[in-house]
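Hi,

Here is the structure I said I would pass on. Have a look at it first, and then read on for what turned up.

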Amino acid sequence: MTLRSISVRVALGFAAAMLVACASGEPAGDAEAKPPAELRASVDRTVATTGDLITYTVEVEHAPEVEVALDDPGADIAGFRIVDLGRAPVETLASGRLLERRWYELRADLVGSYVLPALTATYSEPSGPGGDLEAEEISVEVESVLPEDRSEATDIRDIKPLRRIDAASSWLLWTGLALAAAALALAAWWWWRRRRPDGSAPEAPPVPPYDLAIRELERLRRTDFSDLRELRRYYFAVSAVIRAYVEGRFGLNATDLTTEEILGRLDGLARLEPLQARRLERFLVATDQVKFAAHLPALEEIERTYEQALGFVTGTRPVEDPEDSEIAAPTSDQAEKAA
């Protein structure tokens with residue numbers, strides 16, 4: 001038997017082994033089966049400074065027939081404030097398994113060592129009782145923006161010695177001071193001419209709450225709703241616009257109150273009609289579902305939320321001229337149909 005014939009037989013045997021492995025449905029070198037579900041957690045940085053945003057990502061990989069219930073971390077995570085959160089669409093991997101991903105933007109205001117606790121989840125499958133999942137703890141160090149040893153700062157230098165000024169330099173210095181004094185006097189005269197007759201300086205008129213709310217709603221209308229982060233920021237922003245409008249229009253500090261506290265004080269607002277109070281309640285509840293319950297709204301829900309905000313602002317616009325009341329504010333029947 002020649003060397004060439006031996007090489008041909010070895011190559012044919014290797015090819016036959018690869019065909020058998022492919023026919024069995026298992027990738028070569030990876031015969032170990034994966035568990036029904038896996039839970040993973042990670043952060044984009046383990047060392048940060050106060051005020052930095054840390055993205056905390058949670059991934060759940062499972063078989064299509066397996067259902068996974070992930071525990072909600074709550075309003076904060078291990079001392080970090082949750083400033084934003086969301087979830088990505090479910091992804092189908094090449095292996096046929098499903099990948100669910102959630103993200104949280106965290107911020108720490110205090111220096112120290114933090115430990116993100118081990119996340120837990122439960123899963124169930126049709127062929128068995130299911131089980132529990134747990135991700136590892138993650139340590140994060142938050143440092144100060146100031147150096148630990150203030151003596152290391154290099155922005156403090158010794159005082160330079162005094163330098164003699166000759167006559168020419170002295171003349172230039174006094175000329176510059178004289179020109180600066182003249183310019184200051186001219187600015188003071190211009191300011192004095194623009195003052196009011198009573199002696200007070202003119203002030204720009206404040207923007208009415210209605211005009212400010214309409215302007216901000218129109219700006220938010222141009223949000224890219226296909227971007228999940230921009231969508232969540234939109235709901236936080238449109239809720240802040242309506243809360244600021246309620247504060248400026250009705251004198252209720254809505255920007256500092258929770259939704260439950262606002263709804264509990266609506267009956268005490270004499271200028272707010274019951275119909276508009278119900279419209280405001282529906283709007284606040286709908287936006288909270290997206291802001292805090294990780295609800296992903298459909299396009300028609302986004303449009304409905306915008307119409308609720310716009311309808312509430314236009315329906316509660318103050319009427320200055322009684323003759324223009326029909327134009328300035330809709331009637332109750334019209335507002336009910338718009339709601």
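Let's start with a pair of charged residues: Glu61 is buried, and Arg97 is buried as well. Keep in mind that this is a predicted model. The side chains of these two, Glu61 and Arg97, meet in a salt bridge with 2.9 Å from N to O. Glu61 lies in strand S3, while Arg97 lies in the loop between strand S7 (91-92) and strand S8 (98-107), so the bridge ties together parts that are 36 residues apart in sequence. There is a bigger picture here too: salt bridges with shared partners join Lys34, Glu38, Arg40, Glu59, Glu61, Arg97 and Arg101 into one network.

Which other residue of that network does Glu61 pair with? Glu61 also forms a salt bridge with Lys34, where the closest N and O atoms are 3.2 Å apart. That pair links distant parts of the chain, with Glu61 in strand S3 (residues 53-62) and Lys34 in the loop between helix H1 (3-23) and strand S1 (37-43), 27 residues apart. Glu61 counts as buried because its relative accessibility is 5%.

Arg40 and Glu59 make a salt bridge as well, at 3.3 Å from N to O. This one runs from Arg40 in strand S1 to Glu59 in strand S3, 19 residues apart. Arg40 has a relative accessible area of 32%, so it counts as partly exposed. Overall, the structure holds 12 salt bridges.

Now for the chain as a whole. The secondary structure comes to nine helices and 12 strands, and buried residues make up 27% of the 339 residues. Of the contacts between residues at least 6 apart in sequence, 65% join residues at least 24 apart. The chain exposes about 23,100 Å², with carbon and sulfur atoms supplying 56% of that.

On to the strands: is Leu70, in strand S4 (residues 67-70), buried or exposed? Its relative accessibility is 17%, so Leu70 counts as buried. Leaving out residues up to four places away in sequence, Leu70 touches Leu39, Val58, Arg102, Thr120 and Ala121. The C-alpha atoms of Leu70 and Leu119 are separated by 8.2 Å, although the two residues are 49 apart along the chain.

Two helices are worth a look. Helix H3 (residues 209-220) has 12 residues, which should span 16 Å at 1.5 Å a residue, and its end C-alpha atoms are indeed 16 Å apart. Its buried residues are Tyr210, Ala213, Leu217 and Leu220. They cover an arc of only 95° around the axis, so they sit on the same side of H3. That fits the usual α-helix, where 3.6 residues make a turn and residues three or four places apart therefore point the same way. The buried residues of H3 pack against helix H4 (228-250) and helix H7 (299-315).

Helix H6 (residues 274-292) passes the length check too: 19 residues should span 27 Å, and the end C-alpha atoms are 27 Å apart. The buried residues of H6 include Leu275, Leu280, Phe283 and Asp288. After H6 comes Ala294, whose phi is positive, near 55°.

Thr316 is in the loop between H7 and helix H8 (325-328). With a relative accessible area of 6%, Thr316 is buried. Beyond its neighbours within four places in sequence, it contacts Tyr245, Arg249, Phe250, Leu272 and Gln276.

Finally, the surface: Leu186, Trp189, Trp190, Trp191 and Trp192 form a nonpolar patch with about 680 Å² of accessible area together. Trp192 is in helix H2 (residues 167-193) and counts as exposed because its relative accessibility is 57%.

Cheers

Notes: Residues numbered from 1 in each chain as written. Predicted model: local features only at pLDDT ≥ 70, side-chain atom pairs only at ≥ 80, totals over all residues. Heavy atoms only, no water. Patch = residues over 30% accessible without salt bridge, like charges linked within 9 Å, V, L, I, M, F, W, Y side chains within 5 Å. Areas by Shrake-Rupley, 256 points an atom, 1.4 Å probe, with all protein chains shown as cover. Salt bridge = Lys/Arg side-chain N within 4 Å of Asp/Glu carboxyl O. Helix = DSSP H or I, 4+ residues; strand = E, 2+ residues; numbered from the N terminus. Buried < 20%, exposed > 50% of the residue type's maximum accessible area, 1.4 Å probe, protein only. Expected span 1.5 Å × (residues − 1). Arc of directions from axis to C-beta. Contact = heavy atoms within 4.5 Å.
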